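Biologist: Please take a close look at the aromatic residues inside this protein and at what surrounds them. Go through the reasoning step by step, with the values.

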Amino acid sequence: MKKFALAMAALTATSLFAADAFEKEGFLTTQSCAEQGAFRDCYMENYACGSDGCFKKTDAGVDNNTPLVLFSHDDGKIYKLDTSHLPRAEFDEGVSRNAVTIVGEYDASSGTIVAHEFKAPPPPKKSFFKGCL
């Protein structure tokens with residue numbers, strides 16, 4: 001009976017979270033890249049220090065904790081991400097990729113999604129070219 005009661009309590013808590021959860025899919029990038037529309041062409045230094053050419057002013061190995069955003073193709077809107085509830089390294093596999101899903105709470109006043117869950121699509125399959133060049 002105790003196991004059943006615990007299972008029901010867990011199910012209720014999960015369903016309450018799911019009812020309030022905000023889920024959005026889009027392209028995970030930085031604010032400056034999203035504003036420029038440079039998605040696949042965005043330099044990797046943007047993810048480390050925040051802008052093109054910032055390595056000239058920033059010491060190597062310094063982490064500026066550059067904020068990430070999610071650009072939604074559905075509504076053309078840029079959503080700021082609060083990644084404080086998840087380890088930052090978890091987002092590395094989804095950076096500069098499309099079809100990334102962020103689940104969390106949405107604050108409409110600031111346009112921020114407080115991320116509680118992160119889902120990235122699997123990496124592209126390796127291809128092998130066999131033939132004449």
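Modeller: What follows starts with confidence, goes on to the ring pairs and the nonpolar cores, and ends with a few residues around them.

The model is predicted. Its average pLDDT is 80, and 78% of the residues reach at least 70. Residues 11–19 fall below 50, and in the model this stretch has one contact beyond near neighbours in sequence.

Now the rings. Pairing requires ring centres within 6.5 Å, and six aromatic pairs result. One of them joins F27 and F39: the centres are 5.1 Å apart and the planes meet at 65 degrees, so the geometry is edge-to-face, the limit for that class being over 60 degrees. F27 sits in strand β1, residues 22–30, while F39 sits in the loop between α2 (31–36) and α3 (45–49), so that the pair connects distant parts of the chain, 12 residues apart. Both F27 and F39 are buried.

F39 also pairs with F71. Here the centres are 5.0 Å apart, but the planes are at 40 degrees, so this pair is classed as tilted. Tilted covers whatever is neither under 30 degrees nor over 60. The two residues again come from distant parts of the chain, with F39 in the loop between α2 and α3, F71 in strand β2 (residues 68–72), and their positions 32 residues apart. F71 is buried, as is F39. F39 thus takes part in one pair with F27 and in another with F71. Elsewhere, a single aromatic cluster is made up of F22, Y79 and Y106.

The next step is the nonpolar packing. In soluble globular proteins, nonpolar side chains tend to be buried together. The largest nonpolar core in this model has 16 residues, and L28, L81, F91, I102 and F118 have the most contacts inside it. Strands β2, β3, β4 and β5 (112–119) each provide at least two residues of this core. The largest contribution is that of β5, with three residues. For L81, leaving out neighbours within four places in sequence, the contacts are L28, L68, V69, L70, I102, T112 and I113. Another core lies apart from the largest one; it has five residues, including F27, A34, F39 and V69. The edge-to-face pair F27 and F39 therefore has both of its members in this five-residue core.

One disulfide is present. It joins C33 to C42, with the sulfur atoms 1.6 Å apart, inside the 2.5 Å cut-off used to assign it. A disulfide is a covalent bond between the sulfur atoms of two cysteines. C33 has a relative accessible area of 1%, so it is buried. C42 has 9% and is buried too, the threshold being under 20%.

The loop that holds F39 also holds D41, between α2 and α3. In contrast to the buried F39, D41 is exposed, because its relative accessibility is 65%. In space, the C-alpha atoms of D41 and S96 are 9.2 Å apart, although 55 residues separate them in sequence. S96 belongs to the loop between β3 (77–82) and β4 (97–107). Its relative accessible area is 12%, so S96 is buried. The backbone of S96 has a phi near 65 degrees, which is a positive value in a residue other than glycine. A99 shows a positive phi as well, near 65 degrees, and is likewise not glycine. A99 is part of strand β4, and with a relative accessible area of 31% it is partly exposed.

A last point concerns a charged residue type among the buried ones. K24 is located in strand β1, and its relative accessibility of 15% makes K24 buried. Its side chain has a polar contact of 3.4 Å with the side chain of D75. Beyond residues up to four places away in sequence, K24 touches L70, S72, D75, Y79, V100, T101, I102 and I113. Among these, Y79 is a member of the aromatic cluster with F22 and Y106, and I102 is one of the residues with the most contacts inside the largest core.

Notes
Residues are numbered from 1 along each chain as its sequence is written. Side-chain values use heavy atoms; hydrogens and water are left out. Helices (H or I, at least four residues) and strands (E, at least two) are DSSP runs, numbered from the N terminus. Buried means under 20% relative accessible area, exposed over 50%, partly exposed in between (1.4 Å probe, protein chains only). A polar contact is a pair of N or O atoms within 3.5 Å; within protein, one must be able to donate a hydrogen and the other to accept it, and residues adjacent in sequence count only if both atoms are side-chain atoms. Contact means heavy atoms within 4.5 Å. pLDDT is the predictor's confidence in each residue, from 0 to 100. A nonpolar core is a set of buried Ala, Val, Leu, Ile, Met, Phe, Trp, Tyr and Cys residues joined through side-chain atoms within 4.5 Å.
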